Amino acid sequence: MSDFNDFNNPQVASLPKHLKQFIVAQHYEHYTPVDHAVWRYVMRQNYSYLKNVAYYPYIPGLEQAGLSIEKVPNLQEMNDALGKIGWGAVTVDGFIPPVAFMEYQAYKVLVIAADIRQLNHIEYTPAPDIIHESAGHAPIIGDTAYNQYLSYFGSIGSKAIFSSKDFELYEAIRRLSILKEMPDADGAAIAKAEKEVAFCQKNLGEPSEMALLSRLHWWTVEYGLIGSLENPKIYGAGLLSSIGESANCMKPEVKKITYTLDAVNYPFDITKEQPQLFVTPTFQNLIEVLETFADTMAFRKGGTESVLKAIECKNSCTAVFSSGLQLSGVFTDVGMDLENQTTFIKTTGPSALAFDNKELEGHGKSYHAEGYSSPVGKLKGSEKALEDYTDADLAEAGILKNSSCALFFENGFHLQGNVESWLRKENKLILFSFSECTLSDSKGTVYFKPEWGIFDMAVGEKIVSVYNGAADKDAFEEIALVSGTNTYHPNYDELTLAYHRLFEGVRTCRENTSGYDILPEIWAKLQAKHREDWLCSLEILELLELKDLNATLAREIRTHLENKASTEPEYSKLIHDGLYIIKHPVSQLN
């Protein structure tokens, strides 16, 4: 990424290539005056309400994260502020795959959707937007216990194996969220997209590690409460950024449940308000629950069952041998004995070998372009694992360079070939290369023939870990699952642009504390051309009453808004909440 901007932030600068491909420029100049007004309205409502129900760090955290009530956040300002607490931020295009999202967290970088919700979705949007990502996630980052949980979650989540159906669901949700944000979205198209999401959700089968981990993420990072069941406080970003749900969630109809590992049994619907929420007594409890779940994951358990998860994934995964050798590729076969111990492992297509997350020289995707396979297990009659053999042990076993040898495995595999070389790393044998090699199992099935060239045999008594993605992602040049569906960016007609200019006029008055004589003209234009408006009218009324100007006009606007609230129910709460803020002004963060 030649034009990559790291914002002079060490965390952003340290991002690897495979994560940089999701980053898009913020294009701050593209935010319209209405966008800034939407931000300001939501932030003022949040401040008014959340100062009483949010977990303590939220309000001071806004400033600590480089956020202002008055305008859409600028990524440079956010990175300047977040850098002081060891975090960073980048902008992306809407939803990105969960595994990538998790890995950004592991690098202590917040992923922020560059777009902002439309005025007609001001209370809630199913799509990620800059209000949710920055006003929701960033303010709590300053809490040390929480940001440790977040980065630890990222490191665990980036290892989670997803199923092929998980990605189908991700794409369906992404399409639906984009459609719902389009101002002229076709109702039939939305209905079809909703059916696709429902179908994917119903046909996921056994939930994958990533699906289960996403539930824990949802019920904590996105929709978590902290404290007691009787008096919980909000810390989840989905609640902190939703002026509708942050109020509704405290109602008794929304069940409050103590947060335990049982939360993995609660799927969620991203398009609806949540029927129940989970309350953790402390952030340390979040880490303990995550640790318990991590112990069930393939990257910690290893073994045949973990390889089977990788096979079902149908995307690049890594298996780690007990020697430390790492095999990355798309896994397609695994052999097992009667005790379910792994006897053989195979990838198909470009594969690579690595150690300590660094690709072994000469063992990248171009060399192993067709795939890789190797037996797994101990040599017959040997108490010591082959990876622990010294040179003397090898000589005693008749394994000498430039000589023929035969290896008999406990699981029935038999290898006959000429020893070309072996490789040690950190006092472990990890790889043998044989020429004139034949590899077969106890049934006589041949897995490698001499005419196929050099056979590189992995060394390892067992598979100790299996996880998502490549070991050395940048060397592997892993093509992440970047969606081909892009978020919608409107082209505004002249009438809409004129509406934007009215907001700009009000903002200029407010910021310059002068030029108020233009307000009656702006109000007249709203009445003549933009009868659907309520937000710009509120902003004019706010200035008039705050500065004690033109009482007649102020009464006229207030009457208009109250009438609109009573005759157009969809605006009722928005208008009444706005009038409340005018009466109880939010002047600064404190």
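This report describes the internal cavities, one helix and one buried loop residue of a predicted model.

## Cavities in the model

The model holds three cavities of 30 Å³ or more. The largest cavity encloses about 100 Å³ of space, and the second largest has a volume of about 50 Å³. The linings of these two are described in turn below.

## The largest cavity

Three helices each supply at least two residues of the lining of the largest cavity: α3 (33-53), α21 (535-546) and α23 (569-583). Of the elements involved, α3 gives the most, with five residues.

The lining consists of Ala37, Arg40, Tyr41, Arg44, Gln45, Leu535, Leu538, Glu539, Glu542, Gly578, Ile581 and Ile582. By residue class, six of these are nonpolar, two are polar and four are charged.

## The second largest cavity

Around the second largest cavity lie Phe101, Gln105, Val109, Leu110, Val111, His137, Leu150 and Val221. Two elements, α6 (98-106) and β2 (109-113), give two or more residues each to this lining. The strand β2 contributes the most, with three residues.

The lining of the second largest cavity has six nonpolar residues and two polar ones, but no charged residues. The lining of the largest cavity, for its part, includes four charged residues.

## Helix α20

Helix α20 spans residues 519-529, and its buried residues are Leu519, Ile522, Trp523 and Leu526. Viewed down the axis of α20, these buried residues fall within an arc of 100°, so they line one face of the helix.

The buried residues of α20 are covered by elements that include α19 (494-512), α21 and α22 (551-567). Among these, α21 also supplies at least two residues of the lining of the largest cavity. On the face of α20 turned away from its buried side are the exposed residues Ala528 and Lys529.

## Thr32, a residue in a loop

Thr32 sits in the loop between α2 (17-20) and α3. The helix that follows this loop, α3, is the one that gives the most residues to the lining of the largest cavity.

Is Thr32 buried or exposed? Thr32 counts as buried because its relative accessibility is 8%, and the cut-off for buried is under 20%. Apart from neighbours within four places in sequence, Thr32 is in contact with Tyr492 and His500.

Conventions. Residues are numbered from 1 along each chain as its sequence is written. This is a predicted model: local features need pLDDT of at least 70, side-chain atom pairs count only at pLDDT 80 or more; totals for chains, interfaces and linings use all residues. Side-chain values use heavy atoms; hydrogens and water are left out. On a 1 Å grid over the protein atoms alone, a cavity is a set of points where a 1.4 Å probe fits but cannot get out, and a pocket is an open set with protein on both sides within 12 Å along at least five of seven lines; lining residues have an atom within 4 Å of a point. Grid points are joined across faces, edges and corners, and a volume is the space filled by probe spheres set on the points. Helices (H or I, at least four residues) and strands (E, at least two) are DSSP runs, numbered from the N terminus. Ala, Val, Leu, Ile, Met, Phe, Trp, Tyr, Cys and Pro count as nonpolar, Asp, Glu, Lys and Arg as charged, and the others, Gly among them, as polar. Buried means under 20% relative accessible area, exposed over 50%, partly exposed in between (1.4 Å probe, protein chains only). The arc is that of the directions from the helix axis to the C-beta atoms. Contact means heavy atoms within 4.5 Å.
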